[in-house]
Amino acid sequence: MKILIAYATKAGSTAEVAAEIGRVVESKGGCEVDVHPVDKLKGVDGYDAAIIGSAIRVGKWLPEAMKFVEKHRDALGQIPVALFTVCLTLSEDTEENRREVAAYLDPVCEVVQPVDIGLFAGLMDYSKLSFLLRLMVKKMGSPEGDFRDWEAIRAWAGQVRARLM
Ligand SMILES: Cc1cc2nc3c(=O)[nH]c(=O)nc-3n(C[C@H](O)[C@H](O)[C@H](O)COP(=O)(O)O)c2cc1C
């Protein structure tokens, strides 16, 4: 069985989450896993299942991730697909914040029906942002730091592997 992990990132934290999901899924055996950025992929041909994830910017998946699911919606409709998202709202893991982050995925779920969804806190490093973006995120009240919960990410990867296989 071949599983594709496709992701979109701006500053790299989602790429690291995708790589860790890939490591966990593959380490459990019984499948071959490829991890690629969406913009390097021509499609999902040859894969039996897919896990697709994106960072959030201003309440939305990155445009290249959204374009990827829209462009390949028919092929994605033929295989089990799981989605994940990485964002800063979940730096405070409350029920209200989970609802808000789950809603970020509504437009994606209109295109593909996922078998599972992973919602993860990400990383904010002001020094990696342009002056204008730094002003913007400070105004939004985004805290700085690495909020990724690797245990939660690994637990989800194990659970989603079972659903996809
Ligand atoms: C300009 C900008 C806008 C963002 N907007 C949101 C947002 O609306 N909601 C949210 O939860 N996180 C938001 N974030 C936080 C990112 O989703 C988070 O930092 C994520 O880990 C970035 O992933 P990346 O390192 O893969 O690019 C924003 C970050 C930036 C830089």
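Where is Val-58 found? In this predicted model, Val-58 sits in the loop between S3 and strand S4 (60-61). The backbone there is worth a look, since phi of Val-58 is near 50°, a positive value in a residue other than glycine. For comparison, most residues other than glycine have a negative phi. Val-58 is exposed because 8 other C-beta atoms lie within 10 Å, and 12 or fewer count as exposed.

A good next stop is the ligand. It is surrounded by 22 residues, and the closest are Ser-13, Thr-14, Ala-55, Cys-87 and Gly-122. By type, the shell around the ligand is made up of 13 nonpolar, 7 polar and 2 charged residues. At least two residues of this shell come from each of helix H1 (13-27), strand S3 (49-57), strand S5 (81-87), strand S7 (123-124) and helix H6 (131-140). Helix H6 is hardly covered, as the count of buried residues among its 10 residues is 0. After H6 comes Gly-141, with a positive phi near 80°.

Attention now turns to the interior. In soluble globular proteins, nonpolar side chains tend to be buried together. Here the largest nonpolar core has 43 residues, and Ile-3, Ile-5, Ala-50 and Ile-51 have the most contacts inside it. Strand S1 (2-8), H1, S3, helix H2 (63-71), S5, strand S6 (116-121) and helix H7 (150-164) each contribute at least two residues to this core. The surroundings of Ala-50 give a closer view: apart from neighbours within four places in sequence, Ala-50 is in contact with Ile-3, Leu-4, Ala-6, Val-44, Leu-76, Ile-79 and Val-81.

Strand S1 also takes part in strand pairing. S1 and strand S2 (residues 32-37) run parallel and are joined by 6 bridges. Ile-5 has Val-35 as its bridge partner in S2. The chain passes from S1 through H1 to S2, making a β-α-β crossover that is right-handed.

Lys-2 is another residue of strand S1. Lys-2 is partly exposed because 14 other C-beta atoms lie within 10 Å, a count between the limits of 12 or fewer for exposed and 20 or more for buried. Lys-2 and Tyr-47 are 45 residues apart along the chain, yet their C-alpha atoms are separated by 5.0 Å. Setting aside neighbours within four places in sequence, Lys-2 is in contact with Tyr-47 and also with Cys-31, Glu-32, Gly-46 and Asp-48.

Terms used:
Residues are numbered from 1 along each chain as its sequence is written. This is a predicted model: local features need pLDDT of at least 70, side-chain atom pairs count only at pLDDT 80 or more; totals for chains, interfaces and linings use all residues. A residue is near a molecule or strand if its C-beta atom, placed from the backbone, lies within 6 Å of it. Helices (H or I, at least four residues) and strands (E, at least two) are DSSP runs, numbered from the N terminus. Ala, Val, Leu, Ile, Met, Phe, Trp, Tyr, Cys and Pro count as nonpolar, Asp, Glu, Lys and Arg as charged, and the others, Gly among them, as polar. A nonpolar core is a set of buried Ala, Val, Leu, Ile, Met, Phe, Trp, Tyr and Cys residues joined through C-beta atoms within 7 Å. Two residues are in contact if their C-beta atoms, placed from the backbone, lie within 7 Å. Two strands pair if DSSP finds at least two bridges between them. A crossover is right-handed if, with the strands pointing away from the viewer, the path from the first strand over the helix to the second runs clockwise.
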